[in-house]
Amino acid sequence: MANISAVNASGSSDLLIQSAITIAMIFVALFLGDLIQPWGTQVSLSILEVGAVTPTVFAISGIWLVLGAVSMSYLLFGWRVLPAVFIGFHFAALYVYGWQLNPFSYTDLGVLRLHAWTNHAHALVTTLGPLAAIYTMRIFRLSHFFEGEKLIFQHVIFLMILVAFFNTFAKFFVDTTLRTWLGLSIRIDEVTYIPSMLIGDLTGGIGFVFILALVVVPVIRLVAPKAIVEE
């Protein structure tokens with residue numbers, strides 16, 4: 001009985017460490033992505049507000065580093081960090097972007113913050129997209145991402161390409177169909193939206209996952225080697 005309790009305590013401790021590392025990587029990814037935006041990496045997105053004639057143009061970071069952070073979390077720790085990814089992304093986006101999270105709260109004009117639903121949908125896409133890509137590769141037996149303590153770059157690059165496609169098209173659905181269902185402002189930049197977001201997902205995801213592999217993963221192996229399960 002004592003052995004079982006010890007095993008459970010060890011498993012809980014590992015999960016806590018894995019979750020903390022996951023949240024830290026997501027926070028750093030969002031912070032760095034926002035930091036490099038002034039370096040000429042902006043993507044212009046056009047939104048036509050309800051009842052408006054001319055669109056509002058928003059500039060967002062064209063480098064989406066968080067895909068690399070989430071994908072690396074699943075590669076190192078497995079699906080068990082899914083709650084940490086979802087919750088951590090919300091907290092990071094709340095701090096970095098000032099996200100509105102409560103769709104039942106009201107603005108100063110007395111209007112429900114329905115756009116919070118799109119925030120939650122984006123967080124869900126970011127959480128499930130990399131995991132879906134990993135399990136898709138398992139179906140085709142391409143999910144051997146580690147060889148000893150080294151990443152198999154070919155498989156990881158293919159994974160990030162798949163993740164980028166999943167993320168871009170799922171977010172396109174959120175920013176078009178879901179926004180329409182909620183009665184929110186609509187996108188009018190469908191032609192440029194997918195190429196811009198796809199390039200940002202590819203460059204940000206691939207770039208950051210290899211930065212993590214070269215810098216962060218060796219530190220984790222040194223400080224908390226038992227936390228890595230390499231699934």
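This passage describes the fold, core, helices, cavities and selected residues of a predicted model.

The chain contains six helices and five strands. Read along the sequence, these elements follow the order α-β-β-α-α-α-β-β-α-β-α. Of the 231 residues in the chain, 45% are buried. Among the contacts with a separation of 6 or more, 70% are between residues 24 or more positions apart.

The largest nonpolar core comprises 49 residues, and within this core Ile 26 and Leu 30 touch the most other members. At least two residues of the core are supplied by each of the helices H1 (2-35), H2 (66-77), H3 (82-97), H4 (115-139), H5 (153-182) and H6 (190-223). The largest share is that of H2, which contributes nine residues. In soluble globular proteins, nonpolar side chains tend to be buried together. With neighbours within four places in sequence left aside, the contacts of Leu 30 are Trp 64, Val 66, Phe 89, Ala 92, Ala 93, Val 96 and Tyr 97.

Several of these partners belong to the buried part of H3. The buried residues of this helix are Ala 84, Val 85, Gly 88, Phe 89, His 90, Ala 92, Ala 93 and Val 96. An α-helix has 3.6 residues a turn, so residues three or four places apart point the same way. H3 is made up of 16 residues and spans 22 Å from its first C-alpha to its last, close to the 22 Å expected at 1.5 Å a residue. Just after H3 comes Gly 98, with a positive phi of about 70°. One of the buried residues of H3, Ala 84, is also a partner of Ser 19, a residue of helix H1. Apart from neighbours within four places in sequence, Ser 19 is in contact with Val 81 and Ala 84. Ser 19 has a relative accessibility of 17% and therefore counts as buried, the cut-off being under 20%.

H4 has 25 residues, and its first and last C-alpha atoms are 36 Å apart, close to the 36 Å expected at 1.5 Å a residue. The helix has a kink of about 25° at Leu 128, shortly before the proline Pro 130. After H4 comes Arg 141, whose phi is positive and near 60°.

Two residues in the last two helices were examined further. Asn 167 is found in helix H5. This residue counts as buried because its relative accessibility is 0%. Beyond residues up to four places away in sequence, Asn 167 touches Trp 64, Leu 67, Val 125, Thr 126 and Asp 201. Gly 205 lies in helix H6 and, at 0% relative accessibility, likewise counts as buried. The contacts of Gly 205, its neighbours within four places in sequence left aside, are Trp 64, Leu 67, Gly 68, Met 160 and Gly 200. Trp 64 and Leu 67 thus appear in the contact lists of both Asn 167 and Gly 205. Gly 205 is also 8.1 Å from Ile 63, C-alpha to C-alpha, although 142 residues separate the two in sequence.

The structure holds two cavities of 30 Å³ or more. The second largest cavity contains about 40 Å³ of space. Ten residues line this cavity, and those nearest its centre are Ala 29, Gly 33, Ile 63, Trp 64 and Tyr 97. Trp 64 and Tyr 97 are also among the contacts of Leu 30. H1 gives the most to the lining, with four residues.

Towards the end of the chain, Val 229 lies in the segment after H6. Val 229 is partly exposed because its relative accessible area is 34%, and partly exposed covers values between 20% and 50%. Residues up to four places away in sequence not counted, Val 229 touches Gln 18, Leu 76, Phe 77, Gly 78 and Arg 80. The C-alpha atoms of Val 229 and Leu 75 are 8.2 Å apart in space, while the two residues are 154 apart in sequence.

Conventions
Residues are numbered from 1 along each chain as its sequence is written. This is a predicted model: local features need pLDDT of at least 70, side-chain atom pairs count only at pLDDT 80 or more; totals for chains, interfaces and linings use all residues. Side-chain values use heavy atoms; hydrogens and water are left out. A nonpolar core is a set of buried Ala, Val, Leu, Ile, Met, Phe, Trp, Tyr and Cys residues joined through side-chain atoms within 4.5 Å. Buried means under 20% relative accessible area, exposed over 50%, partly exposed in between (1.4 Å probe, protein chains only). Contact means heavy atoms within 4.5 Å. The expected span of a helix is 1.5 Å times one less than its number of residues. The bend at a residue is the angle between axes fitted to the seven residues ending there and the seven starting there. On a 1 Å grid over the protein atoms alone, a cavity is a set of points where a 1.4 Å probe fits but cannot get out, and a pocket is an open set with protein on both sides within 12 Å along at least five of seven lines; lining residues have an atom within 4 Å of a point. Grid points are joined across faces, edges and corners, and a volume is the space filled by probe spheres set on the points.
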